[in-house]
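Student: I have just opened a new structure and would like some help reading it. Could you take me through it step by step?

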Amino acid sequence: MHSAGTTVEGPWDEVMRLIGQAHVMLHKKGVMRIQTDIRVGSRIDKKQSFNDKVTAVNELLAADEKGEGAK
């Protein structure tokens, strides 16, 4: 979870099922209306997880703090 929402990654059917389950759970708890905005990205040229992206950003920030800048 982050300031712009929640990141979920996985196979298409599993992610869509998770979103549906979240809606059902909230409705059962009395929430009358739910709006979900979904941003979907996919790529087939390489395998890269969300954690890989976080690691890359952390490495860039660490290099910047050392004054090494972008490479």
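Tutor: Happily; we will talk about helices, a surface patch, a salt bridge and a pocket. Keep in mind that this is a predicted model.

Student: Let's begin with helices. How far does helix H1 span?

Tutor: Here is the general idea: an α-helix has 3.6 residues a turn, so residues three or four places apart point the same way. Helix H1 covers residues 12–28, and its 17 residues should span 24 Å at 1.5 Å a residue. The C-alpha atoms at its ends are 25 Å apart, which agrees with that expectation.

Student: And how many residues does helix H2 have?

Tutor: Helix H2 has 16 residues, numbered 50–65. From its first C-alpha to its last it reaches 23 Å, close to the expected 22 Å.

Student: What comes just after H1, and what comes just after H2?

Tutor: A glycine with a positive phi appears in each place. Just after H1, glycine 30 has a phi of about 100°; just after H2, glycine 67 has a phi of about 80°.

Student: Is tryptophan 12 buried or exposed?

Tutor: Tryptophan 12, which is found in helix H1, has a relative accessible area of 53%. The cut-off for exposed is over 50%, so tryptophan 12 counts as exposed.

Student: Which residues join Trp12 in a nonpolar patch on the surface?

Tutor: Ile38 and Val40 do, and the three together have about 330 Å² of accessible area. Sequence distance is also worth setting beside distance in space. Tryptophan 12 and serine 42 are 30 residues apart in sequence, while their C-alpha atoms are 9.7 Å apart in space.

Student: How should I read a salt bridge?

Tutor: Side chains of opposite charge can pair when their charged atoms come close. This structure holds one salt bridge. In it, the side chains of arginine 43 and aspartate 45 meet at 2.7 Å, N to O. Aspartate 45 is exposed, at 58% relative accessible area, whereas arginine 43 is partly exposed, at 44%.

Student: Last topic: how much space lies in the largest pocket?

Tutor: About 1300 Å³. The largest pocket is lined by 31 residues, and the closest to its centre are Thr7, Val8, Glu9, Arg39 and Gly41.

Student: Which helices each supply at least two residues of that lining?

Tutor: H1 and H2 both do. Try finding them in the view, starting from the residues closest to the pocket's centre, such as Arg39 and Gly41.

Notes
Residues are numbered from 1 along each chain as its sequence is written. This is a predicted model: local features need pLDDT of at least 70, side-chain atom pairs count only at pLDDT 80 or more; totals for chains, interfaces and linings use all residues. Side-chain values use heavy atoms; hydrogens and water are left out. Helices (H or I, at least four residues) and strands (E, at least two) are DSSP runs, numbered from the N terminus. The expected span of a helix is 1.5 Å times one less than its number of residues. Patches are made of residues with over 30% relative accessible area and no salt bridge: like charges are joined within 9 Å, nonpolar side chains (Val, Leu, Ile, Met, Phe, Trp, Tyr) within 5 Å. Accessible areas come from the Shrake-Rupley method with a 1.4 Å probe; for residues, only the protein chains shown count as cover. A salt bridge is a side-chain nitrogen of Lys or Arg within 4 Å of a carboxyl oxygen of Asp or Glu. Buried means under 20% relative accessible area, exposed over 50%, partly exposed in between (1.4 Å probe, protein chains only). On a 1 Å grid over the protein atoms alone, a cavity is a set of points where a 1.4 Å probe fits but cannot get out, and a pocket is an open set with protein on both sides within 12 Å along at least five of seven lines; lining residues have an atom within 4 Å of a point. Grid points are joined across faces, edges and corners, and a volume is the space filled by probe spheres set on the points.
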